[in-house]
Structures are given as C-alpha cells and as structure tokens.
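Please open the model in your viewer and set it to a cartoon view. We will go from stop to stop, with something to select at each one.

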Amino acid sequence: MAKAPCANRMALMLLGIGLVLVAPASARLLAAEPATKADWITLLKGSDFSEHWTTKGNWVKGTDDDVKLEPRPGESGWQRYDAYLWSKDQYQDFEVDIEFKVANNSNSGFYFHVGDLASPVATGIEVQIYDSHPKGAEGKLNDHDCGGIIPGVPPTKNAAKPAGEWNRFLITCQGNKLTVKLNDQVVNEVDISQGALGSRPPKGYIGFQDHGLPLSVRNIRVRPL
C-alpha cells in the first residue's frame with residue numbers, strides 16, 4: 001500500500017516532463033504558421049486626402065466626410081481632364097473598399113496598376129463608375145457600365161444604386177484574378193493576364209478619373225495581399 005503514492009508521484013513527474021518537452025515544439029509550430037492578411041489601411045480619413053493622395057485640382061472636401069470632384073469653370077462632361085485623384089503609393093496585389101456617389105449621368109472610374117500617371121488610360125486598368133441604375137436589371141450592359149472593366153469586360157449584372165445614393169465597391173486583385181463586388185454582389189471576375197488587360201503593368205498607382213462630372217468618394221481602405 002505504501003508504494004502507490006510513489007507510483008503516482010512518478011507518473012506525475014513523467015507527465016510534467018512530457019509537457020515541458022512538448023510545449024516548445026507547439027510554440028514553434030504556431031510561429032511557423034503563415035502570417036494572416038495585412039491590416040486595412042485607411043486612405044481617406046474623413047474628408048482629409050493630403051496624407052495618401054495627390055491631385056492637380058478639382059477635388060475638394062465635402063460635407064459628408066467625403067472628397068468630391070467639382071469640375072472647373074468651362075469643363076464639360078465626357079471629356080478626360082488631368083485632375084485625377086492619385087495615390088502616393090503603388091500597389092500590386094490588394095483589396096480596396098470604396099464608397100462612391102454619382103450624379104445623374106455621371107461617369108468616372110477607379111484606376112489601378114497605373115504605370116504612367118500621364119497616360120492612365122493606356123497604362124492602367126479601370127473599374128468603371130457610372131450612373132447605370134436607369135438601365136434596370138434587364139438592360140444591356142457594356143464595359144462602361146458600373147462595375148465594368150476597361151478595356152473590354154462588361155459587368156455581369158446591374159447592381160448600381162440610383163444617382164445621389166452611396167454605392168460600395170470591394171475590389172480584389174490577387175495574381176491574375178480580379179474580382180469586383182458592387183453593393184455586395186459579384187459583378188465581375190476577370191483574368192487580367194488575358195486579352196488587352198494582359199499588356200498592363202502588374203503594379204502601379206490607384207486613383208479616380210477626372211471626367212469633368214461630379215463624383216464623391218469616402219471611407220477608402222486598402223489591404224495589401
């Protein structure tokens with residue numbers, strides 16, 4: 001009967017040694033796990049855009065924690081002007097979360113992988129921003145409708161809200177795959193290595209087009225992948 005406590009103590013000692021030996025191995029396994037996605041970076045804090053963005057003009061602080069494009073005197077819509085809103089940093093693989101609002105018949109675009117800011121249409125990829133809501137669910141869509149990819153890829157559905165309401169893009173670019181969600185609906189999935197898109201740079205600036213028409217943006221976040 002006296003030997004039982006000794007046996008129990010021996011078993012507990014062996015268990016403790018086992019835990020000591022196992023713990024470092026577990027810690028090493030945890031440390032070896034791949035890192036999670038980077039944190040979101042807020043690129044537009046309220047209506048302040050000076051930290052992360054640059055522009056020649058036209059973009060002003062709004063009254064709804066937004067930044068808005070106001071065409072200059074003499075500018076008319078549907079022409080391309082040079083006062084884009086450009087990021088100061090370049091991005092390759094990323095997720096970007098954007099809220100935007102258009103006026104009636106407004107036209108703009110979110111650009112990425114822009115290699116030359118002097119020639120964004122030829123050296124970048126555009127996710128179209130447009131007042132597409134009036135076309136309705138059954139309307140025929142082209143690459144210039146909201147969520148279309150320029151050049152050449154129309155959205156698969158019309159998920160745009162009416163002019164004057166806030167829309168939301170969640171755009172993911174990873175490797176050759178580009179996915180565009182508009183108001184929580186997937187409206188485009190594209191292999192950007194194919195066709196005309198394949199000639200564009202794999203990395204570059206992001207920004208918003210100056211088309212001489214009103215546009216408001218807010219709550220812009222990006223997450224490198």
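What follows is a short tour from the whole chain to its pockets, one loop residue and some salt bridges.

**The whole chain**

Keep in mind that this is a predicted model. Start with everything selected and colour by secondary structure: the protein chain carries 14 strands and two helices. Of its 225 residues, 42% are buried. Now look at how the chain meets itself. Among contacts between residues at least 6 apart in sequence, 65% join residues at least 24 apart. Switch to a surface view and you see about 12,000 Å² exposed, with carbon and sulfur atoms supplying 55% of it.

**The largest pocket**

Next, select Thr-54, Thr-55, Lys-56, Arg-80, Tyr-81, Asp-82, Tyr-84, Trp-86, Leu-117, Ala-118 and Pro-120, which line the largest pocket. Its volume is about 200 Å³. Colour the lining by residue class and you should find six nonpolar, two polar and three charged residues.

**The second largest pocket**

Keep Arg-80 selected, and add Tyr-111, Glu-126, His-144 and Ile-150: of the 15 residues that line the second largest pocket, these five lie nearest its centre. Strand 7 (107-114) and strand 8 (125-130) are the elements that give two or more residues to this lining. Which of the elements gives the most to the lining? Strand 8 does, with three residues. The volume of the second largest pocket is about 150 Å³, and its lining divides into six nonpolar, six polar and three charged residues.

**A glycine in a loop**

Now select Gly-124, in the loop between helix 2 (120-123) and strand 8. Is Gly-124 buried or exposed? Its relative accessibility is 2%, so Gly-124 counts as buried. Show the residues around Gly-124: leaving aside those up to four places away in sequence, Gly-124 touches Phe-112, His-113, Val-114 and Arg-200. Then draw a C-alpha to C-alpha distance from Gly-124 to Ser-199; they are 75 residues apart in sequence and 9.2 Å apart in space.

**Salt bridges**

Side chains of opposite charge can pair when their charged atoms come close. The structure holds 10 salt bridges, and here are some to visit.

- Select Asp-97 and Arg-221, whose side chains meet in a salt bridge (3.0 Å, N to O). Asp-97 lies in strand 6 (residues 94-102) and Arg-221 in strand 14 (residues 215-224), so this pair ties together parts that are 124 residues apart in sequence. Asp-97 is buried at 4% relative accessibility, whereas Arg-221 is partly exposed at 27%.
- Move on to Asp-145 and Lys-135, a salt bridge with its closest N and O atoms 2.8 Å apart. Both residues lie in the loop between strand 8 and strand 9 (149-150), so the pair ties together parts that are 10 residues apart in sequence. Asp-145 is buried, with a relative accessible area of 1%, while Lys-135 is partly exposed at 34%.
- Select Lys-45 and Glu-51, whose side chains meet in a salt bridge (3.6 Å, N to O). Here Lys-45 is partly exposed at 48% relative accessibility, and Glu-51 is partly exposed too, at 47%.

For the last stop, select Asp-64, Glu-99 and Arg-218 together: a network of salt bridges links them.

Key: Residues numbered from 1 in each chain as written. Predicted model: local features only at pLDDT ≥ 70, side-chain atom pairs only at ≥ 80, totals over all residues. Heavy atoms only, no water. Helix = DSSP H or I, 4+ residues; strand = E, 2+ residues; numbered from the N terminus. Buried < 20%, exposed > 50% of the residue type's maximum accessible area, 1.4 Å probe, protein only. Contact = heavy atoms within 4.5 Å. Areas by Shrake-Rupley, 256 points an atom, 1.4 Å probe, with all protein chains shown as cover. 1 Å grid on protein atoms, 1.4 Å probe; cavity = no way out; pocket = protein on both sides within 12 Å on 5 of 7 lines; lining within 4 Å. Points joined across faces, edges and corners; volume = space filled by probe spheres on them. Nonpolar A, V, L, I, M, F, W, Y, C, P; charged D, E, K, R; others polar. Salt bridge = Lys/Arg side-chain N within 4 Å of Asp/Glu carboxyl O.
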